[in-house]
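Trainee: I would like to learn how to read a few features of a structure like this one. Could we go through them one by one?

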Amino acid sequence: MTKPAAAPLPASPAIDRLLEIMVRLRTPVTGCPWDLEQDFASIAPYTIEEAYEVADAIERGDMEHLKEELGDLLLQVVFHAQMAKEEKLFDFDDVAGSISDKMVERHPHVFGGAEMNQKLGEADIKTADAQLTAWEDMKKAKREQQNPDASALDGVTLGLPALMRAEKLQKRAAKTGFDWPSIAPVWDKLHEELDELKEAASRPNNQAHIEEEFGDLMFVMANLARHLKLDPETALKNANSKFERRFRQMEQFAKTNGKTFSKLSLVEQEALWQQAKQLEKK
């Protein structure tokens, strides 16, 4: 089967300008000292941070901020590509070309024509769920082609947030049949892990074991979210937002009454918490 070729990348004055700016920032002597000192490892945390800021702008519905944050994220791609070019590894065109090839290859029902669709058995991919399944199957097939001894867990990125990675590991394992048959035993496992955490926490000088049992409990919580068809990362993010919203309201209540929140007793603070909850319900 002939691999479909990606269309040539169109010229973009804006991209060309950004690439030239990065070249000048990284030019020895005349460039920026801070930019010149950076390497892949030192820039990686900024790349992750910018991705989160993109997600934050989307969640807040701030499209003007989203435009800015997408630019910041694009700068990270350009920065990494420029450093790679300097080391004669690859350049920005290689990055863009690689993802273009991948997108064409993984969407044969869009780019490959009816004949290729029939060959791949994907002529009926008409829903997002069907496409996601086909996408995962193609990635799995490619991993196995590259390494016949590959684990089903290969390719689950180490750099993901721990809760998100737990869910992805469990999904991969489930595809091999290693999964609870229903949600009932997951509830049982949750109670089991909670009891083990309580037991570990009851013994002194046992911090390493407490941490281990807490991790086990969190892993089961991720599994429970999967069986409930929830995104655990989104659920926790929403819980964070709810706590922040109510806490800020408590502070405002205290200020309105001429008091400093931190100087209130715990009983008084709890009363304000209940007020904040009631206000949300109304």
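Mentor: Let us begin with an aromatic residue, keeping in mind that this is a predicted model. Trp187 sits in helix H10, which covers residues 184–201.

Trainee: Is Trp187 buried, partly exposed or exposed?

Mentor: Trp187 counts as partly exposed because its relative accessibility is 37%, a value that falls between the 20% and 50% cut-offs. Together with Leu228 and Leu230, Trp187 forms a nonpolar patch on the surface, with about 270 Å² of accessible area together.

Trainee: Which salt bridge lies in helix H10, and how are its partners placed?

Mentor: Glu193 forms a salt bridge with Lys189, with 3.4 Å between the closest N and O atoms, and both residues lie in helix H10, four residues apart, about one turn of the helix. Glu193 counts as buried because its relative accessibility is 6%, whereas Lys189, at 24%, counts as partly exposed.

Trainee: Which salt bridge links distant parts of the chain?

Mentor: The side chains of Glu59 and Lys237 meet in a salt bridge at 3.7 Å, N to O, and this pair joins helix H3 to helix H12 across 178 residues.

Trainee: How are two packed helices described?

Mentor: Two packed helices are described by the angle between their axes and the distance between the axes. Here the axes of helix H12 (residues 232–256) and helix H13 (residues 266–281) come within 9 Å and cross at roughly 115°, and the crossing is right-handed. Among the residues that meet there are Phe243, Phe247 and Met250 in H12, and Leu272, Trp273 and Leu279 in H13.

Key
Residues numbered from 1 in each chain as written. Predicted model: local features only at pLDDT ≥ 70, side-chain atom pairs only at ≥ 80, totals over all residues. Heavy atoms only, no water. Patch = residues over 30% accessible without salt bridge, like charges linked within 9 Å, V, L, I, M, F, W, Y side chains within 5 Å. Areas by Shrake-Rupley, 256 points an atom, 1.4 Å probe, with all protein chains shown as cover. Salt bridge = Lys/Arg side-chain N within 4 Å of Asp/Glu carboxyl O. Helix = DSSP H or I, 4+ residues; strand = E, 2+ residues; numbered from the N terminus. Buried < 20%, exposed > 50% of the residue type's maximum accessible area, 1.4 Å probe, protein only. Axes fitted to C-alpha atoms, helices over the stretch in contact; angles between N-to-C directions. Left-handed = near helix turned anticlockwise from the far one by under 90°. Contact = heavy atoms within 4.5 Å.
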